[in-house]
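Let's take a walk through a protein together. Please have a look at the sequence and the 3D view, and then follow along.

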Amino acid sequence: MAKLLKMMIDGIAYTAAVPENTVTDVLCFQGPIELQLKRYADQEYYAPLPNPLPFSSMPLTTAVHAGGLYCYEGFGVLSIPFEDAPLHPYEAMHLGDINEDISSHLAMADNTVSAKIEIVFA
């Protein structure tokens, strides 16, 4: 069964289909998550997750794309880039993609945005 990630970011609703795997199972068990996402390097927003996600056997990338959802290995943070960017020497796990255009919103947002994230079964 697929999972649908529902997010409210600064009061605007977004969704993302996330693949069925061990990582999204762990994310799902964290329940609704409320985060204060901070702007970083004029390319992304990030915040620490309440509990780390497992990285074993999951592919990692050294580049991110706008509108994707990522978790950085070693940092335990959820990241939403609003610009495509290389990460080298860092690596991140791609969790899914936001269905709506979030990049325009985040590019103009304040340095910190409020987010509530929950996963439901589609």
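**A buried lysine and its partners**

Lys3 is buried, with a relative accessible area of just 1% (buried means under 20% relative accessible area, exposed over 50%, and partly exposed in between, using a 1.4 Å probe and protein chains only). Before going on, note that this is a predicted model, in which local features need pLDDT of at least 70 and side-chain atom pairs count only at pLDDT 80 or more, while totals for chains, interfaces and linings use all residues. Residues are numbered from 1 along each chain as its sequence is written, and side-chain values use heavy atoms, with hydrogens and water left out.

Which residues does Lys3 pair with? Lys3, Glu20 and Asp25 are linked in a network of salt bridges. A salt bridge is a side-chain nitrogen of Lys or Arg within 4 Å of a carboxyl oxygen of Asp or Glu. With Asp25, the closest N and O atoms of Lys3's salt bridge are 2.5 Å apart. Lys3 lies in strand S1 and Asp25 in helix H1, so this pair ties together parts that are 22 residues apart in sequence. Helices (H or I, at least four residues) and strands (E, at least two) are DSSP runs, numbered from the N terminus. Asp25 is partly exposed, at 27% relative accessible area.

In the salt bridge between Lys3 and Glu20, the closest N and O atoms are 3.1 Å apart. Here strand S1 (residues 3-9) is linked to the loop between strand S2 (12-18) and helix H1 (22-29), with 17 residues separating the pair. Glu20 is partly exposed too, with a value of 43%.

The structure holds three salt bridges. One of them joins the side chains of Asp42 and Arg39, at 2.8 Å from N to O. Asp42 counts as exposed, at 52% relative accessibility.

Now let's turn to the nonpolar interior. The largest nonpolar core has 32 residues, and those with the most contacts inside it are Leu5, Met7, Ile9, Leu37 and Ile80. Such a core is a set of buried Ala, Val, Leu, Ile, Met, Phe, Trp, Tyr and Cys residues joined through side-chain atoms within 4.5 Å. Strand S10 (residues 112-121) gives the most to this core, with four residues. Apart from it lies another core, of seven residues, among them Tyr70, Tyr72, Val77 and Leu87.
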